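Hi,

Here is the structure I promised to pass on. Have a look at it first, and then read on for what turned up.

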Amino acid sequence: MANKEQLSALVDNELTDAALLDLLANEPEHTEQWSNYHLIGDLLRGETPKKIDLDIASNVAAAIELEPAIVAPKPQTAEKSESSAKVLRFFKYAGQYAIAASVAVAAIIGVQQYSDQNKQGDQPLPVFNTVPVGGAVAPVSLQSSPQPRELSEAEIIEQRKRISAYLQDHRFQQRIVE
C-alpha cells in the first residue's frame with residue numbers, strides 16, 4: 001500500500017520504486033491520487049494544462065446515491081381533508097373577525113380618551129368649534145330671515161381675538177408647509 005509521502009516523492013522524481021509503479025497501475029484509487037498530485041505540481045509551477053478533467057458529474061451522481069431518501073407523507077383521506085379544510089376556513093374567518101373587533105375596540109377607546117381630555121380642558125378645540133365667527137347661529141329655513149342683532153363690546157372683542165387666532169394659526173401653518 002502506497003502512502004502519500006511515497007507517492008509525492010515518486011511524482012517529484014525523488015523515488016523510483018517498481019513495486020509502487022505496479023501498485024499505481026493496478027489500483028484506480030492510487031491512479032487518481034497520482035493524477036491529482038501531478039495536477040497540483042503543474043499548478044504550482046504555473047504549467048496549467050489546457051483542459052482539466054475533473055469529472056464533476058460522476059462525483060455529484062455518487063453523492064446523490066449516498067443521500068438518504070426522503071419519504072413523502074401518506075396522502076390524507078377525503079374525510080380528513082374535508083374536516084381539516086372546514087377547521088382552517090373557520091379559523092380564517094374567526095381571525096378576520098377578531099382583527100376587525102380589535103380595531104373597533106381600539107377606535108372606541110381612542111374616542112373615549114379623546115373626549116375625556118376634551119372635557120377636562122377649559123375651552124374646546126377650535127377644530128370642533130361650530131359657532132360661526134359672527135357669533136350668531138342662523139336657522140336653516142326659507143320662511144324666516146331674522147335680522148342680525150347688534151353685538152356688544154365684549155362680543156366684538158371676542159370675535160376679533162378669534163379671527164386673530166385663526167390668522168396667526170394660518171400663518172404658522174404656511175411656514176410649516178414652506
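Helix 1 (residues 4-11) and helix 2 (residues 18-26) sit roughly perpendicular to each other, at least in this model, which is predicted. Their axes cross at roughly 100 degrees and come within 11 Å; the range that counts as roughly perpendicular is 65 to 115 degrees, so the label fits. On the helix 1 side the contact is made by Q6, L7 and L10, and helix 2 brings L20, L21 and L24 to it.

Next, the charged side chains. How many salt bridges does a search of the whole structure find? It finds two. In one of them, the side chain of R45 meets that of D42 at 2.8 Å, N to O. R45 and D42 are three residues apart in helix 3 (residues 28-45), which means about one helical turn separates them. The other pairs R45 with E47, with 3.4 Å from N to O. Because these salt bridges share partners, D42, R45 and E47 end up joined in one network. As for how open the two acids are, D42 counts as partly exposed at 21% relative accessibility, and E47 is also partly exposed, at 45%.

Last, there is a nonpolar patch on the surface, formed by I52, L54, I56, V60 and I64. Together these residues have about 480 Å² of accessible area. One of them, V60, lies in helix 4 (residues 56-66) and has a relative accessible area of 43%, so V60 is partly exposed.

Cheers

Methods
Residues are numbered from 1 along each chain as its sequence is written. This is a predicted model: local features need pLDDT of at least 70, side-chain atom pairs count only at pLDDT 80 or more; totals for chains, interfaces and linings use all residues. Side-chain values use heavy atoms; hydrogens and water are left out. Patches are made of residues with over 30% relative accessible area and no salt bridge: like charges are joined within 9 Å, nonpolar side chains (Val, Leu, Ile, Met, Phe, Trp, Tyr) within 5 Å. Accessible areas come from the Shrake-Rupley method with a 1.4 Å probe; for residues, only the protein chains shown count as cover. A salt bridge is a side-chain nitrogen of Lys or Arg within 4 Å of a carboxyl oxygen of Asp or Glu. Helices (H or I, at least four residues) and strands (E, at least two) are DSSP runs, numbered from the N terminus. Buried means under 20% relative accessible area, exposed over 50%, partly exposed in between (1.4 Å probe, protein chains only). Axes are lines fitted to C-alpha atoms, for helices over the stretch in contact, and angles run from 0 to 180 degrees between N-to-C directions. Angles under 35 degrees count as roughly parallel, over 145 as roughly antiparallel, 65 to 115 as roughly perpendicular and the rest as oblique. Contact means heavy atoms within 4.5 Å.
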